[in-house]
Amino acid sequence: MTSRVAIVTGAARGIGAATAKRLAEDGFAVAVVDLDEGQCAGTVSAIEGAGGKALAVGADVSDAEQVRAAVDRVATELGAPTVLVNNAGVLRDNLLFKMSDDDWDTVLNVHLRGSFLMSREVQKHMVEAKFGRIVNLSSTSALGNRGQANYSTAKAGLQGLTKTLAIELGKFGITANAIAPGFIATDMTKATAERVGVSFDEFSKAAVGGIPVGRPGAPEDIANTVSFFVDERSGFVSGQVIYVAGGPKA
Ligand code: NAP
């Protein structure tokens with residue numbers, strides 16, 4: 001590998017923050033990308049406090065210009081990125097008849113367009129290095145979930161994007177894989193509990209009832225899986241979707 005520079009989007013909190021910290025422990029310099037650069041400070045100082053290297057970068061992943069500027073900045077300040085984790089995400093849940101155009105566009109733009117723009121921008125560094133690892137965050141919602149026509153479409157779309165990137169980029173030493181988490185305790189699931197009007201404790205207990213390993217997922221469960229996919233030794237694993245949900249999913 002010519003450089004050990006990773007970009008993690010949506011890394012100010014939740015799964016992205018845990019992933020950025022884990023990749024720093026694995027020896028990567030990590031670009032912590034999120035909407036607001038100031039919000040990245042917590043993740044960056046945790047990494048630096050543990051002796052790692054990190055850079056806070058503010059960018060909206062659904063905006064092509066901001067994506068270009070962010071990736072250029074990472075390449076200049078940390079080095080050519082050869083690992084990309086497309087993790088930034090939002091929810092705008094609603095039943096179909098109440099889902100607005102904006103609910104649909106926002107979710108599709110952040111998850112799908114964002115992952116497309118970031119991958120397109122970073123692949124040139126990967127192709128040059130003849131090495132790369134792309135990991136996209138899908139979800140068990142890709143299998144269908146009430147109130148999430150927008151989100152489940154985006155998360156299923158990411159699985160298609162992953163497989164196509166694996167096919168197109170494989171000859172350059174680049175792998176692309178997707179992780180589809182089940183219930184993970186983060187601000188995102190806390191917001192869902194709030195929206196449906198139950199405490200997070202109750203919401204969590206109900207979710208755990210359907211999880212064979214009998215506990216909610218933690219952001220670190222996903223970070224561990226990212227760590228496996230981006231390892232140099234995982235070069236023959238590509239185009240896969242792994243459900244990290246405490247049990248099997250179809
Ligand atoms: P989270 O706690 O809500 O964190 C998401 C992060 O993404 C936030 O820091 C958010 O910034 C950032 N973000 C949103 N829009 C962005 C944009 N346009 N550009 C850059 N950053 C943006 O979510 P999470 O639970 O950690 O989820 C991370 C990923 O895993 C998401 O893709 C999610 O869909 C997926 N996932 C989560 C679960 C789960 O149970 N938690 C399950 C399956 C899949 P702001 O705070 O400024 O909005």
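This text leads the reader through a predicted model of a protein chain with a bound ligand.

The interior is a suitable place to begin. The largest nonpolar core has 29 residues, and the members that touch the most others are Ile-7, Val-74, Leu-78, Met-118, Val-122 and Ile-134. Several elements each supply at least two residues of this core: strand E1 (5-9), strand E2 (29-34), strand E3 (54-58) and strand E6 (174-181), together with helix H3 (64-77), helix H4 (101-129) and helix H5 (149-169). A second core, separate from this one, comprises 26 residues, among them Ala-6, Ala-11, Leu-23 and Val-135.

Val-74 shows how a residue of the largest core is surrounded. Apart from its neighbours within four places in sequence, Val-74 is in contact with Val-5, Ile-7, Ala-31, Leu-55, Val-57, Gly-79 and Pro-81. Ala-70 is placed in helix H3. With a relative accessible area of 5%, Ala-70 falls under the 20% limit and is therefore buried. Beyond its neighbours within four places in sequence, Ala-70 is in contact with Val-57 and Ala-59. The C-alpha atoms of Ala-70 and Asp-201 lie 38 Å apart in space, and the two residues are 131 residues apart in sequence.

Strand E5 (residues 132-137) contains Asn-136. The relative accessible area of Asn-136 is 0%, so this residue counts as buried. Its side chain takes part in polar contacts with two other side chains: that of Asn-86, at 2.8 Å, and that of Thr-162, at 2.9 Å. When residues up to four places away in sequence are not counted, Asn-136 touches Asn-86, Ser-115, Leu-158, Leu-161, Thr-162, Leu-165, Asn-177, Ala-178 and Ile-179.

The discussion now turns to the ligand. The ligand is surrounded by 29 residues, of which Arg-13, Asp-34, Asn-87, Tyr-151 and Thr-186 are the closest. By type, the residues of this shell divide into 14 nonpolar, 10 polar and five charged. Both side-chain and backbone atoms of the protein approach polar atoms of the ligand. An N or O atom in the side chain of Arg-13 is 2.5 Å from an oxygen atom of the ligand. A nitrogen atom of the ligand lies 3.1 Å from a backbone N or O atom of Val-61, and a polar backbone atom of Gly-89 is 3.5 Å from a ligand oxygen atom. Taken alone, the ligand exposes 900 Å², and 91% of that is buried by the protein. Helix H1 (14-25), H4, H5 and helix H6 (187-196) are the elements that give two or more residues to the shell. H6 gives the most, with three residues.

Helix H6 also holds Met-188. The relative accessibility of Met-188 is 28%, a value between the limits of 20% and 50%, and the residue therefore counts as partly exposed. Leaving aside neighbours within four places in sequence, Met-188 is in contact with Gly-89, Val-90, Leu-91 and Tyr-151. Two of these contacts also appear in the account of the ligand: Tyr-151 is among the closest residues to the ligand, and Gly-89 has a polar backbone atom 3.5 Å from a ligand oxygen. Met-188 and Lys-21 are 167 residues apart along the chain, and 19 Å separates their C-alpha atoms.

Further along the chain, Ser-227 is found in helix H8 (residues 219-230). Ser-227 has a relative accessible area of 9% and is therefore buried. Not counting residues up to four places away in sequence, Ser-227 touches Arg-22, Leu-23 and Asp-26. Of these, Leu-23 is included in the second core.

Two loop residues complete the account. Gly-38 is placed in the loop between E2 and helix H2 (41-49). Its relative accessible area is 52%, so Gly-38 counts as exposed. Gly-38 and Ala-12 are 26 residues apart in sequence, with 8.9 Å between their C-alpha atoms. Lys-130 lies in the loop between H4 and E5. With a relative accessibility of 62%, above the 50% limit, Lys-130 therefore counts as exposed. Its phi is near 55°, a positive value in a residue other than glycine. Most residues other than glycine have a negative phi.

How values were computed:
Residues are numbered from 1 along each chain as its sequence is written. This is a predicted model: local features need pLDDT of at least 70, side-chain atom pairs count only at pLDDT 80 or more; totals for chains, interfaces and linings use all residues. Side-chain values use heavy atoms; hydrogens and water are left out. A nonpolar core is a set of buried Ala, Val, Leu, Ile, Met, Phe, Trp, Tyr and Cys residues joined through side-chain atoms within 4.5 Å. Buried means under 20% relative accessible area, exposed over 50%, partly exposed in between (1.4 Å probe, protein chains only). Helices (H or I, at least four residues) and strands (E, at least two) are DSSP runs, numbered from the N terminus. Contact means heavy atoms within 4.5 Å. A residue is near a molecule or strand if one of its heavy atoms lies within 4 Å of it. A polar contact is a pair of N or O atoms within 3.5 Å; within protein, one must be able to donate a hydrogen and the other to accept it, and residues adjacent in sequence count only if both atoms are side-chain atoms. Accessible areas come from the Shrake-Rupley method with a 1.4 Å probe; for residues, only the protein chains shown count as cover. Ala, Val, Leu, Ile, Met, Phe, Trp, Tyr, Cys and Pro count as nonpolar, Asp, Glu, Lys and Arg as charged, and the others, Gly among them, as polar.
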